[in-house]
Amino acid sequence: MNVELLIESSDPLLHPGELYPDSSPELIARQSWLTPHLYDAASDRLVICMQSFLLRSAGKIILVDTCVGDCKQRPRPEFDGAVWNWLERLEQSGVSPEEVDVVLSTHLHVDHIGWNTRLVDGKWRPTFPNARYLFVDKEYEYWSSDAGRVALQRTGDYVADSVTPIFEAGLADIVDFDHRIDDALRLIPTPGHTPGHVCVEIDSEGKKAIITGDLLHHPLQCRFPDWSTRFCFDAHQARQTRLAFMKQHAHEGTLLFPAHFPSPTAGYLRLVQDEAELRYRYEFVDE
Ligand SMILES: [Zn+2]
């Protein structure tokens, strides 16, 4: 199955310390392999890609993650009121919004739900009017709870403009944590970054690949697999989930598509033999 990447943006965005509390300027300065593709030294920011994954499976068109979106009011200046040409990219790949059958977010964070809706005549309406939007039960329950509402204050209430309108339009389906979309696609529960975070496993024509969402945010996390982010709901659980996943898929040689890794995004985890510490290298591949 071909995985098509629909990039919304790919720019230096976050200071290393803003994302990874365990990092330090000294440690970053020693990672010369990061520059310039993965880290912009001048602004001291990690390059973060926002993108969706377009899949064609069993005669259906499936979108995994929907980026930041247009015209959303957000506290982060890079996102606030931003207008991207992401819809044009979708059209360039030969797909109109009306043709999308399934929309899934790996988790309900501000940068994974944006294109669920767009502003039409002053109202947030579903961008994909003929799609079923899948929401993992655990994830939706959390963001609808009192604790979830409090957590939304950091990033702005994106549930109100990008999730609730989907339910109001009757296009939402609540699914299990380990839901199977079709014979080739299933969700893998990977909690920690958020309570109901999932990866999407593609198993087709004898080949496996996994869209990993925010299980990993940046290739730096392969070098330092213990590092959870400031944005993780449960840093300890995120670490446990990540370490187990990395061990298994480095061993099995699974092709990965981490949400925010810059182009070409796809790649393999390689275990680096080092007695002093556990670490991996990310080997990008242009597939
Ligand atoms: Zn993200």
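This briefing walks through a zinc site, a few buried residues, a hairpin, the cysteines and some unusual backbone spots. Keep in mind that the model is predicted. The zinc ion is held by Asp111, His112, Asp214 and His260, and by the cut-offs used here there are zero disulfides. Two cis peptide bonds also turn up, one from Thr35 to Pro36 and one between Ser263 and Pro264.

**The zinc site**

- Four residues coordinate the zinc ion: Asp111 and Asp214 through OD atoms, and His112 and His260 through NE2, at 2.1 to 2.2 Å.
- Along the chain, these donors follow the spacing D-H-x101-D-x45-H.
- The angles among the four donor atoms run from 83 to 160 degrees, and the site is classed as irregular. That label fits because four donors count as tetrahedral only if all angles lie between 85 and 135 degrees, and the range here starts at 83 and ends at 160.
- Asp111 is buried, with 12% relative accessible area, and His112 is buried too, at 1%.

**Lys72 and Asn116, two buried loop residues**

- Lys72 sits in the loop that runs between strand 4 (60-64) and helix 3 (86-92).
- Lysine or not, Lys72 counts as buried because its relative accessible area is 0%.
- The side chain of Lys72 has a polar contact of 2.8 Å with the side chain of Ser162.
- Beyond its sequence neighbours within four places, Lys72 has contacts that include Phe79, Asp80, Trp124 and Asp161.
- Asn116 belongs to the loop between strand 5 (102-104) and strand 6, and it is buried as well, with 0% relative accessibility.
- The side chain of Asn116 makes a polar contact with that of Thr66, at 3.0 Å.
- Leaving out residues up to four places away in sequence, Asn116 touches a list of residues including Val103, Arg125, Tyr133, Phe135 and Ile166. Ser162 is one of the residues that Asn116 touches, and Ser162 is also among the contacts of Lys72.

**Leu13 and Ser204, two buried strand residues**

- Leu13 is part of strand 1 (residues 3-14) and is buried, at 9% relative accessible area.
- Setting aside residues up to four places away in sequence, Leu13 touches Glu18, Arg45, Leu46, Ile48, Met50, Arg76, Glu78 and Phe79.
- Leu13 and Cys49 are 36 residues apart along the chain, and their C-alpha atoms are 8.9 Å apart.
- Ser204 is in strand 12 (residues 198-204), and its relative accessibility of 9% makes it buried.
- A polar atom in the side chain of Ser204 lies 3.2 Å from the backbone nitrogen of Met1.
- Met1 and Ala184 are the residues Ser204 touches, not counting those up to four places away in sequence.

**The hairpin of strands 6 and 7**

- Strand 6 (residues 117-120) and strand 7 (residues 123-126) run antiparallel and are joined by four bridges.
- Val120 faces Lys123 of strand 7 across the pairing.
- Two residues lie between the strands of this hairpin, and Asp121 there has a positive phi near 50 degrees.

**Cysteines**

- The disulfide count is zero. Cys71 is in no disulfide, with the nearest cysteine sulfur, from Cys67, 15 Å away.
- Cys232 is in no disulfide either, and its nearest cysteine sulfur, that of Cys199, is 13 Å away.
- How exposed are these two? Cys71 is partly exposed at 34% relative accessible area, while Cys232 is buried at 13%.

**Unusual backbone spots**

- Most residues other than glycine have a negative phi, and most peptide bonds are trans.
- Asp44 goes the other way, with a positive phi near 55 degrees. Its place is the loop between strand 2 and strand 3 (45-57), where Asp44 is partly exposed at 32%.
- Ala58 also has a positive phi, about 50 degrees. Ala58 lies in the loop between strand 3 and strand 4 and is exposed, with 67% relative accessible area.
- The cis bond from Thr35 to Pro36 has omega near -5 degrees, and Pro36 lies in the loop between helix 2 (25-29) and strand 2 (39-40).
- Pro36 and Asn116 are 80 residues apart in sequence, and 32 Å separates their C-alpha atoms.
- For the cis bond joining Ser263 and Pro264, omega is about 5 degrees. Pro264 is in the loop between strand 14 (255-258) and strand 15 (267-272).

Definitions and conventions. Residues numbered from 1 in each chain as written. Predicted model: local features only at pLDDT ≥ 70, side-chain atom pairs only at ≥ 80, totals over all residues. Heavy atoms only, no water. Donors = N, O, S within 2.8 Å, 3.2 Å for Na, K, Ca; no water. Tetrahedral: all angles 85-135°; square planar, octahedral: opposite > 155°, others 65-115°. Buried < 20%, exposed > 50% of the residue type's maximum accessible area, 1.4 Å probe, protein only. Polar contact = N/O pair within 3.5 Å; in protein donor to acceptor, adjacent residues only side chain to side chain. Contact = heavy atoms within 4.5 Å. Pairing = 2+ DSSP bridges. Disulfide = S-S within 2.5 Å.
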